[in-house]
Amino acid sequence: MPVPADPSPTATAFEDDTILSVEDLRVSFALDRRRTFEAVRGVSFAIRRGETLALVGESGSGKSVTAMTVMRLTEHDGARIAGGRIRMRMKSGVIEEITTLPEARVERLRGAEISIVFQDPMSSLNPVFRVGDQIAEGIIRHQGKSVPAARSIALNMLKLVRVPDAERRMDHYPHQLSGGMRQRVMIAMALACRPSLMILDEPTTALDVTIQAQILDLVRALQQEIGMSVLFITHDMGVVAEIADRVCVMLKGEIVESGTVDEIFNHARHGYTQALIAAVPRLGSMTDQDAPEPFPVVAYSAEETPA
Amino acid sequence: MSNASTSRKADLSRPLVEVRDLVTRFDLRAGLMGKVVGRVHAVEDVSFDIIPGETLALVGESGCGKSTVARSIMQLEKPVSGSIRYDGVELLGGSRQDVLRFRREAQMVFQDPFSSLNPRMTIANTLMDPMRVHRLGSDAELRARAAELLARVDLPPEHLDRFPHAFSGGQRQRICIARALALDPQLIIADEAVASLDVTIQAQVINLLMDLQRERSIAILFISHDMAVVERMAHRVAVMYLGEIVEIGDRRSVFTAPQHPYTRKLLSTIPVADPARRPRTRNLMTEEIPSAVRPPDFVRQKRPMRQISPTHWVRESN
């Protein structure tokens, strides 16, 4: 079923401009003593330096589990890496195998080499600490800076993500900020240690559309300014079209198709990708019509089954 | 609209719902005595009609008042002033009978199909409950009707005795639609009814709503933040901003010739699922959606609507 459209990831060679390479990754959750559920079933992809790769799929497709496993965050939820490799190029140039790294080393890697921004900034920020201190915490921990030095880096980060009136915002608590501002703070925090890969897991899903546009523009501008790679997890094909260089489409734990953003949108080969794209309303598609129009139904029988 | 087949004898060109100058505000109180320290001006001077068989989309961002309009129409909030007429009958301060009749003919579908179904009730009971309240027949008759409703939303009647937890989000939302259909409504208010669904499921649920509308000439008030979905299914569109309708008109005019700056902004910020149309310009602005909270002594400046065409109106900006 999977279409191996991407030539690079199956090869074991780790190319010069590759930042992250995931090969045949399998992640399973224990349902009870005997049964397990495989949420990620043999996923392979690679991300190059400065590139934005979108992992797109509907709920339950395994896209978030894949992203969380790259940061080794799924083990806390009872998941087990059942197979495959995740290799990452560190800033030092050393290539590390993440799947077998001891937890202490993984902790040093989080934030410094890879960082993650989640969908809901309110539950990712600690409500009882000022946002400036929360950004500074990671800098103190990973870079061993003094408190004043870390605070000044934190302030620069807030300015970088275009938080207006950044000096004053440093001393605000999360509840004093709007959803869009909180997400900017999360991005500032993720950027603070200059990671080479940032994972954004549905970062704009909870935001209003005008605010979403601001955040997407910000991510693109930051990428140009500091040249980091982005793994962008989303269910929204509109967002994919705006931000991605390459796209992997996930369905039930597998990548069913991958390719450049143009290949996916204009020459999709897999039935599921075609169904997914047909179901997305494209603004401007109704310009010549007065009456409403049902969605074209592209049948794809990966139908929902009651649990 | 005109080709809608219907079994009803109702006049299809007469508005089913007429909302005039609707104002809904919420007091903010503080202190021991509960002194009013401010008001949320959630809905200000909102007026619109919906005719049978028509979908009016109410669009806007969070806090713009679109859900409060819906809740005010459904008598779930008490408006400060204005008029809501249903089938020619005033509902604000109306008789109990009029309100009961309205409650039977107008149904609501909410955003979250997980919290809007009772987890301890079987699907059969969920669907039969509204019919029982309005005493529409014996239990055997109602059960048969529930099976028909389930079939209409493409779910097998064997599912009648299951509980909500056995269904996926899309299936639950279909059950919510089936429940809304139980009383053969003339008006459905769908408040972000497809917002939480996966996109392929969303397309199916929207197609279902459109089918039902064509079949039964149902009027739909479709509340959404998603302009791309609205473009697909609405006959007319009202754009709300800070409690006001800033632009209202037929869908084609509003989308192809938006007049109000906010409508233009809203349309320009929507991600289009076409990489060839990726925006070239960077918008690194940080402006936020302003708050609708005002001091208690705030006097609102009235702004009239200007007519652009026979079917298109825009709010004057000051």
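Let's start with burial: of the 307 residues of chain A, 49% count as buried. Keep in mind as you look around that this is a predicted model.

Chain A is built from 11 helices and 10 strands. Its radius of gyration is 20 Å, close to the 19 Å that the globule rule gives for 307 residues, so chain A is as compact as a globular protein of that length. Measured out along its principal axes, the C-alpha trace of chain A spans about 60 × 50 × 40 Å. The contacts tell you how the chain folds back on itself: among those in chain A between residues at least 6 apart in sequence, 65% join residues at least 24 apart.

What does the record say about this chain? An unreviewed UniProt entry carries the annotation "domain: ABC transporter" for residues 20–277 of chain A. That span is 39% helix and 28% strand, and its end C-alpha atoms lie 27 Å apart.

For a closer look inside chain A, find helix α7, residues 179–191. This helix has 13 residues and reaches 18 Å from its first C-alpha to its last, close to the 18 Å expected at 1.5 Å a residue. Is α7(A) mostly covered or mostly open? Mostly covered, with 12 of its 13 residues buried. Among the buried residues are A:G180, A:M181, A:R182, A:Q183 and A:R184, and the list runs on to include A:A190 and A:L191. What do these buried residues pack against? Their neighbours in chain A are the strands β6 (114–117) and β7 (197–201), together with the helices α3 (121–124), α4 (131–143), α5 (147–160) and α8 (209–226).

Now cross over to chain B. Here too an unreviewed UniProt entry gives the annotation "domain: ABC transporter", this time for residues 17–267 of chain B. The end C-alpha atoms of this span lie 27 Å apart, and 37% of the span is helix and 28% strand.

One feature to trace in chain B is an open sheet of five strands, in the order β5-β4-β1-β2-β11, with antiparallel pairing. At the edges stand β5 (89–90) and β11 (293–294) of chain B, each with a single partner strand, so one side of each is left without a neighbour in the sheet. As general background, strands of a sheet pair through backbone hydrogen bonds, either parallel or antiparallel. Strand β2 (residues 35–50) of chain B is joined to β11(B) by two bridges, and these strands run antiparallel. You can pick out one residue pair there: B:R39 has B:R294 in β11(B) as its bridge partner.

Elsewhere in chain B, B:S138 sits in the loop between α3 (123–133) and α4 (139–152). B:S138 counts as exposed because it has 8 C-beta neighbours inside 10 Å. Its C-alpha atom is separated by 53 Å from that of B:G31, a residue 107 positions away along the chain.

Finally, turn to where the chains meet. The contact takes 44 residues from chain B and 43 residues from chain A. On the chain B side, α5 (169–181), α6 (199–216), α7 (227–233), α8 (251–256) and α9 (261–268) each supply at least two residues. The largest share of that side, seven residues, comes from α6(B). By class, the side of chain B that touches chain A has 20 nonpolar, 14 polar and 10 charged residues.

How values were computed
Residues numbered from 1 in each chain as written. Chains lettered and ligands numbered in written order. Predicted model: local features only at pLDDT ≥ 70, side-chain atom pairs only at ≥ 80, totals over all residues. UniProt positions renumbered as here; feature names shortened; annotations may be inferred. Helix = DSSP H or I, 4+ residues; strand = E, 2+ residues; numbered from the N terminus. Rg over C-alpha atoms; globule rule 2.2 N^0.38 Å. Buried ≥ 20, exposed ≤ 12 C-beta atoms within 10 Å, placed from the backbone. Contact = placed C-beta atoms within 7 Å. Pairing = 2+ DSSP bridges. Nonpolar A, V, L, I, M, F, W, Y, C, P; charged D, E, K, R; others polar. Expected span 1.5 Å × (residues − 1).
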